[in-house]
Amino acid sequence: KIQPKDIEVVPQFDGQTVSSRQVVIMARVDVFLDKRVYTEGAMVKAGEVMFQQDPRPFKAQLDAAKGALAAQQARWLTTQQNLARVKPLVALNALSQKDLDDAIGSEKAAAASVQTAGADVEQAKLNLGYTTITSPLAGRSSYARVQDGAYVSSSNNLLTYVDQVDPIYVNFS
């Protein structure tokens, strides 16, 4: 016999846990990958070193940029001293206005060269810093897409992923 009766309805849903934030870890400079420092699948902390690329070419670039900056600073000092000598002579009409204009132009060009060389030093420092690749957040690391000793370039700069797991989301169909 069929009889009506009350039964408890318990809804069941299938869900999948997903990271609340996933970060792609990529190389910013083209150079050989020296070492994978982290353990694949392990939890990593924000700022923890994950990969180390060969820093030597970028140390050499930084040294060269510092040398170029020093040379430009020396050139600028010379043009400043020359300008300081020319100004009083032009006031006495011992030199022409063109000589003063040339000295001013040379001093301004040297100052601009110092600024450019300083920017080159900063760029070299950035590139050197990019050889140490850290995690920007705490989470679960993925497997390394590139192995030690491989050349990392713009065409294969994906190294791994880090998934934040606190908080975590659940997707339902």
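The chain has two helices and eight strands, where helices (H or I, at least four residues) and strands (E, at least two) are DSSP runs numbered from the N terminus. Along the sequence these elements follow the pattern β-β-β-β-α-α-β-β-β-β. This is a predicted model, in which local features need pLDDT of at least 70, side-chain atom pairs count only at pLDDT 80 or more, and totals for chains, interfaces and linings use all residues. Residues are numbered from 1 along each chain as its sequence is written, and side-chain values use heavy atoms, with hydrogens and water left out.

**Overall dimensions**

The radius of gyration of the chain is 31 Å, whereas a compact globule of 173 residues would have one near 16 Å; the value is taken over C-alpha atoms, and the globule rule is 2.2 Å times the number of residues to the power 0.38. The C-alpha trace spans about 125 × 40 × 25 Å along its principal axes. Of the 173 residues, 28% are buried (buried means under 20% relative accessible area, exposed over 50%, partly exposed in between, with a 1.4 Å probe and protein chains only). Contacts (heavy atoms within 4.5 Å) between residues at least 6 apart in sequence join residues at least 24 apart in 77% of cases.

**The two helices**

The expected span of a helix is 1.5 Å times one less than its number of residues.

| Helix | Residues | Expected span | C-alpha end-to-end distance |
|---|---|---|---|
| α1 | 36 residues | 52 Å | 53 Å |
| α2 | 33 residues | 48 Å | 48 Å |

Helix α1 covers residues 56-91, and its end-to-end distance agrees with the expected span. Its buried residues are Phe58, Leu62, Ala65, Leu69, Thr79, Leu83, Val86 and Val90. The cover over these residues includes β2 (31-36) and α2 (97-129).

In α2, the buried residues are Leu100, Ala103, Glu107, Ala110, Val114, Ala117, Val121, Ala124 and Asn127. They pack against α1.

**Backbone exceptions**

Most residues other than glycine have a negative phi, and most peptide bonds are trans. Asn93 is not a glycine, yet has a positive phi of about 60°. Asn93 comes just after α1, in the loop between α1 and α2. Asn93 is exposed, with a relative accessible area of 69%.

The peptide bond joining Asp166 and Pro167 is cis, with omega of about 5°. Pro167 lies in strand β8, which runs over residues 158-172.
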